[in-house]
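Q: Could you take a close look at one part of this protein with me? I'm new to reading structures, so please keep it friendly and walk me outward from there.

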Amino acid sequence: MDRNEIIKIYGTNYKEMTKMLLEQADLASEIPFSETRIGIKPNLVTPTPADYGATTHPEIVAGIIEYLQEHGFFRMTILESSWVGDITTEAFEYCGYNALSERYGVELWDLQKDSSHIVDCAEMCHAGCGESSEAEELSCTADRAGMRLRVCDRVDQIDFLINVPVLKGHCQTKITCALKNSKGLIPNSEKRRFHTMGLHRPIAYLGAAIRQDFIVVDHICGDLDFEEGGSPVVRNCIMAAKDPVLTDALVCRMLQYDVSEVPYVGMAEALGVGSTDLDAARIITIGKAEEREESEGLRRHKVCDVQYAVEEVDACSACYAMLVPVLDRLKEEGLLGRLNEKIAIGQGYRGKQGKLGVGLCTSGFDICIRGCPPSEEQIYKELVKYIETQCEDKKMELYGKG
């Protein structure tokens, strides 16, 4: 399989589709030795079933394992860490990965329990700025030298990494797929730090620090609004690729975003991680594509429709993703328009004061919906209470004037 190719297959027998996809891509030829230590990295951000739109279908991973075992590869591990606020072992169990482990004899690594080390991205990045001016190249080199990331130790025990992301929307970065899925390979403390750095730049550098050797994209029913799922869009498609940047560039096009609207994609290209040149890409479909192609557009707007009610500074994805469906629910119930105060959320509010906030980072606010993150139901109940209280206060003010 060439690096500028992306292969797609449609259907509903996900395990057999995956095996057919890998045969077409000739994955076995990409793996140097039968004793190669292979890591399979799904997206198990939260313990929810795959048909909810957030996590990697276990049938895809079963297809990968069966394909590899049939081609003589047996040193495999499934490695992952859920997002901050959820527990990986619960996701392994609930999402069907404990059953996979028992069936195929493949070990599960919970990276939330792993130690970690610092990676200096100055040593990892390719010469992605070779055609830049001397000043730009010096600037880029200095920037690389300043980016040091903490990565889980067990990543270094993998010789060949197969990334299995879900094609989804994201409440902060607009899309999440190949590049961002590597966040599951860093400790929780580093995930939090990524948000203080604005997400895009560290995600791009993480793409340079951790090489993805092969990508199998779960495009079966991802939620196109945000990463926690809840509004799945059925596509029944699985894709294979080798270039994470090209993969994410295609996802941008499918969700009707320009690549420039998702900065980490272009940043990763500048670091030499891959290419965004879709004009030079070969999109190959196996068999008949009964579903609509990506050119018809898949974008949803739920997150955009409610962002006006939020003041976000360095919010963790788990906290923000708990808030978004609540705001959408309040909008549907006609309550969001009655909110007289923007909701503060994010690590940027630590130690600061304000009126209304969500998450422990806003504990100094007059009203703080506590939790790290708080649950959707907790946020909903407390926001409804706040809206009702402010309406009563407004009535009292009017009656007092009368």
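Which residue in strand 15 is the bridge partner of Ile-345?

A: It's Val-358: in strand 15, that is the residue that bridges to Ile-345. Keep in mind that we're looking at a predicted model. The bridge belongs to a pair of strands, strand 14 (residues 343-345) and strand 15 (residues 356-358), which run parallel and share two bridges. As for what holds such pairs together, strands of a sheet pair through backbone hydrogen bonds, either parallel or antiparallel.

Now zoom out a little. Strands 14 and 15 sit in an open sheet of four strands, ordered 13-14-15-16, with parallel pairing. Strand 13 (310-312) and strand 16 (367-369) are at the edges with a single partner strand each, so one side of each has no neighbour in the sheet. Going from one strand to the next, the twist averages 25°. There's a helix to find here too: helix 12 (residues 317-332) packs on this sheet and touches strand 13, strand 14 and strand 15. Its direction makes about 160° with that of strand 14.

Next, look for the other sheet. Eight strands make up this open sheet, in the order 4-3-2-7-10-11-1-12, and its pairing is mixed. At its edges you'll find strand 4 (107-110) and strand 12, each pairing on one side only. Neighbouring strands here are turned by 20° against each other on average, ignoring direction.

You can see the mix by walking along the sheet. Strand 2 (residues 38-42) and strand 7 pair in the parallel sense over five bridges, and Lys-41 stands opposite Asn-163 in strand 7. Strand 7 (residues 160-164) also pairs in the parallel sense with strand 10, over two bridges, with Ile-162 opposite Phe-214 in strand 10. Then comes the antiparallel part: strand 10 and strand 11 pair that way over five bridges, and Val-217 faces Met-239 in strand 11. Back at the strand 4 end, helix 4 (residues 97-104) lies across strand 2, strand 3 and strand 4, running at about 145° to strand 4.

Strand 10 deserves a pause, since six of its six residues are buried. Both of its faces are covered: Phe-214, Val-216 and Asp-218 are buried on one side, and Ile-215, Val-217 and His-219 on the other.

One of the elements packed against strand 10 is helix 9. Ten of the eleven residues of helix 9 (residues 244-254) are buried, so the rest of the structure largely encloses this helix. Besides strand 10, its buried residues pack against strand 1 (5-10), strand 9 (174-176), strand 11 (237-241), helix 10 (263-270) and strand 12 (282-286). Check out its two ends as well: at the start, a side-chain oxygen of Asp-243 comes within 2.8 Å of the backbone nitrogen of Val-245, and just after the helix, Gln-256 has a positive phi of about 60°.

Last stop: Ser-82, in the loop between strand 3 (76-80) and helix 3 (88-94). Is it buried or exposed? Buried counts as under 20% relative accessible area, and Ser-82 comes in at 0%, so it's buried. Its contacts beyond four places away in sequence include Leu-44, Thr-46, Gln-112, Asn-188 and Lys-191.

Note on methods. Residues numbered from 1 in each chain as written. Predicted model: local features only at pLDDT ≥ 70, side-chain atom pairs only at ≥ 80, totals over all residues. Heavy atoms only, no water. Buried < 20%, exposed > 50% of the residue type's maximum accessible area, 1.4 Å probe, protein only. Contact = heavy atoms within 4.5 Å. Polar contact = N/O pair within 3.5 Å; in protein donor to acceptor, adjacent residues only side chain to side chain. Pairing = 2+ DSSP bridges. Axes fitted to C-alpha atoms, helices over the stretch in contact; angles between N-to-C directions.
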